[in-house]
Amino acid sequence: MSVQITETIWLNNDEVCSLQHVAAVSGLSEADVMDLVATGVLAPVSGEATSSMFYTECIVVARKARRLRDDFELNADGVALVLNLLRRVDALESELLGLRPKQGNRQY
Amino acid sequence: MKYVDYYKVLGLERNATEADIKKAYRGLAHKYHPDVSKEPDAENKFKEVAEAYATLKDPEKREAYDNLGRHQPGDDFVPPNQWQQNFNESSADFSDVDLSDLLKAFAEAQREGAANYARRPRHGETFEFTMPITLEQIYNGAETEISVAVPDYDSQGLLHRVPKTFRIRVPKGAADGQRLRLAGKGGQGMNGGQPGDLFVTMKVQPHRFYQVDGNDLTIEVPLAPWEAVLGATVEIPTLGGEVALTIPPGTVAGRKMRLSKRGLPGSGNVQGDLYAVITIEVPKSVTEREKALYTDLAAASTGFEPRRQRFAGGQS
């Protein structure tokens with residue numbers, strides 16, 4: 001089997017891409033992506049709703065939105081609601097993890 | 001080609017109605033959808049469920065599937081002649097073709113006509129994979145390989161799963177859950193259609209020494225009772241090599257000692273810390289001489305009564 005050395009694109013909050021790129025890679029339309037911006041699920045780089053540049057990590061959320069829309073036959077409001085609730089669940093789980101007693105009780 | 005029992009996957013009888021199929025899919029999708037599920041192996045389970053639903057919800061696909069007859073899951077079978085005609089080659093090799101790929105192609109060919117289907121540009125499929133990475137790889141940065149089976153079209157337009165290996169650079173400071181995209185490395189396109197992508201999620205593997213909390217690490221350091229009482233210098237493993245840790249006299253179990261910047265690198269110049277948590281171990285068996293010494297020690301230690309203050313005042 002041949003091994004291909006390949007360039008990878010990190011999906012993080014350092015690198016930036018266009019609205020068109022988010023739409024093309026996620027499988028959503030540009031209008032769908034802007035709907036996610038309007039409902040607060042996605043935030044453009046500048047923080048202004050009219051901006052059309054995004055951090056590449058937005059691709060992860062946009063793809064999740066597309067999957068939820070297709071797999072559960074959700075409309076735009078349903079997708080936004082689910083994504084916002086999932087974000088809250090993640091935040092609460094992280095908080096819970098932080099509150100669990102850790103090993104050790106003294107520090108110097 | 002391997003037979004998959006889609007009715008069994010959805011927990012249905014073969015005479016299930018469309019409503020039954022939808023209900024069964026929804027129940028299983030809620031349980032296993034990888035974006036909402038915490039079930040182990042949810043991604044693979046949902047893939048089976050989604051494939052079954054995609055076939056059984058579509059009357060044409062379902063009829064084609066039902067016409068295959070009943071087989072045991074995993075049984076090898078050859079698709080009927082009518083299916084093979086869509087690929088205009090009697091010599092087409094179906095042995096490693098995925099049933100769901102073929103049903104999808106069959107239904108599309110039925111709708112569009114075989115000639116139109118054969119000419120139409122088709123995009124390649126996009127896949128997601130999890131790539132295990134170790135703490136050592138995060139600490140040092142590394143190159144690692146990921147092997148995946150992605151579908152490529154053969155000359156007859158049949159999709160075959162072809163194993164491919166990609167070498168990926170894990171940058172120093174990569175984080176658990178970090179995602180990356182390998183553009184165009186997913187399923188091959190056909191008739192000018194774009195290839196799909198591969199999305200990779202990095203998953204940090206459990207380590208036998210360290211627990212991870214963000215960029216910080218925690219390691220348990222067991223001491224002998226006399227090391228805890230008298231103090232000692234002990235060597236402990238860190239990701240950057242062994243370091244000597246000074247244990248002060250009178251160290252108690254649970255004491256947490258911070259080794260600054262011995263944790264994981266993060267983005268920018270951030271470097272986490274390593275926390276050494278002390279445990280005190282006792283020997284499971286002792287020699288007669290050790291027993292005698294412990295007895296002497298017990299007799300000599302008149303001032304040390306660890307339960308006296310703890311339990312002072314009774315249970316109220």
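These are my notebook entries on a predicted model with chains A and B.

**Entry 1: chain B overall**

I started with the element count, and chain B has 11 helices and 11 strands. Next I looked at how spread out the chain is. Its radius of gyration comes to 31 Å, while the globule rule gives 20 Å for 316 residues, so chain B is more spread out than a compact globule. I also took the box along the principal axes, and the C-alpha atoms of chain B fill roughly 95 × 45 × 40 Å. Burial came next: 42% of the 316 residues of chain B count as buried. For contacts in chain B between residues at least 6 apart in sequence, I noted that 58% join residues at least 24 apart.

**Entry 2: chain A overall**

I ran through the same list for chain A. It has 4 helices and 5 strands. Reading from the N terminus, I wrote the order down as β-β-β-α-α-β-α-α-β. Of its 108 residues, 34% count as buried. Contacts in chain A between residues at least 6 apart in sequence join residues at least 24 apart in 58% of cases.

**Entry 3: helix α1 of chain A**

Which residues of α1(A) are buried? I found Leu19(A), Val22(A), Ala23(A), Val25(A) and Ser26(A) on that list, in a helix that spans residues 19-26. Then I asked what covers the buried residues of α1(A). From chain A, the cover includes β3 (16-18), α2 (30-38), β4 (53-55) and α3 (58-72). Chain B also contributes, with β4 (179-182) and β5 (198-204) among the covering elements. Just after the helix I noted Gly27(A), which has a positive phi near 90 degrees.

**Entry 4: Lys64(A)**

I picked Lys64(A), which lies in helix α3 of chain A. I checked its distance to Ala23(A), one of the buried residues of α1(A). The two are 41 residues apart in sequence, and their C-alpha atoms are 12 Å apart in space. Setting aside residues up to four places away in sequence, Lys64(A) touches Leu83(A), Leu86(A) and, from the other chain, Asp35(B).

**Entry 5: α2 against α3 in chain B**

I turned to helix pairs, starting with α2(B), residues 18-32, and α3(B), residues 42-56. Their axes come within 9 Å and cross at roughly 165 degrees. An angle over 145 counts as roughly antiparallel, so that is how α2(B) and α3(B) lie to each other. The crossing is left-handed. I listed the contact residues: α2(B) supplies Ile21(B), Lys22(B), Tyr25(B), Leu28(B), Ala29(B) and Tyr32(B). On the α3(B) side they are Ala42(B), Lys45(B), Phe46(B), Val49(B), Ala50(B), Tyr53(B) and Leu56(B). By class, that contact has 11 nonpolar residues, no polar ones and 2 charged.

I also stopped at the loop between α2 and α3 of chain B, where Asp41(B) is found. Asp41(B) is not a glycine, yet its phi is positive, near 60 degrees. Its relative accessibility is 47%, so I put it down as partly exposed.

**Entry 6: α4 against α6 in chain B**

The second pair was α4(B), residues 59-66, with α6(B), residues 99-112. Here the axes come within 9 Å and cross at roughly 120 degrees, so the two helices are oblique to each other. I noted a right-handed crossing. From α4(B) the contact takes Glu60(B), Lys61(B), Ala64(B) and Tyr65(B). From α6(B) it takes Leu99(B), Leu103(B), Lys104(B), Phe106(B), Ala107(B) and Arg111(B). The split I wrote down is 6 nonpolar, no polar and 4 charged.

**Entry 7: two loop residues of chain B**

Is Arg122(B) buried or exposed? Its relative accessible area is 6%, and buried means under 20%, so Arg122(B) is buried. It sits in the loop between α7 (114-119) and β1 (127-133). Leaving out neighbours within four places in sequence, I listed its contacts as Tyr117(B), Tyr153(B), Gly157(B), Gly189(B), Met190(B), Asn191(B), Gly193(B) and Gln194(B).

Last, I looked up Lys261(B), in the loop between β10 (255-259) and β11 (274-280). Its phi is positive, about 60 degrees, although Lys261(B) is not a glycine. At 53% relative accessibility, Lys261(B) counts as exposed.

Conventions
Residues are numbered from 1 along each chain as its sequence is written. Chains are lettered from A and ligands numbered from 1 in the order in which they are written. This is a predicted model: local features need pLDDT of at least 70, side-chain atom pairs count only at pLDDT 80 or more; totals for chains, interfaces and linings use all residues. Side-chain values use heavy atoms; hydrogens and water are left out. Axes are lines fitted to C-alpha atoms, for helices over the stretch in contact, and angles run from 0 to 180 degrees between N-to-C directions. Angles under 35 degrees count as roughly parallel, over 145 as roughly antiparallel, 65 to 115 as roughly perpendicular and the rest as oblique. A crossing is left-handed if the near helix is turned anticlockwise from the far one by less than a right angle, and right-handed if clockwise. Contact means heavy atoms within 4.5 Å. Ala, Val, Leu, Ile, Met, Phe, Trp, Tyr, Cys and Pro count as nonpolar, Asp, Glu, Lys and Arg as charged, and the others, Gly among them, as polar. The radius of gyration is taken over C-alpha atoms; the globule rule is 2.2 Å times the number of residues to the power 0.38. Buried means under 20% relative accessible area, exposed over 50%, partly exposed in between (1.4 Å probe, protein chains only).
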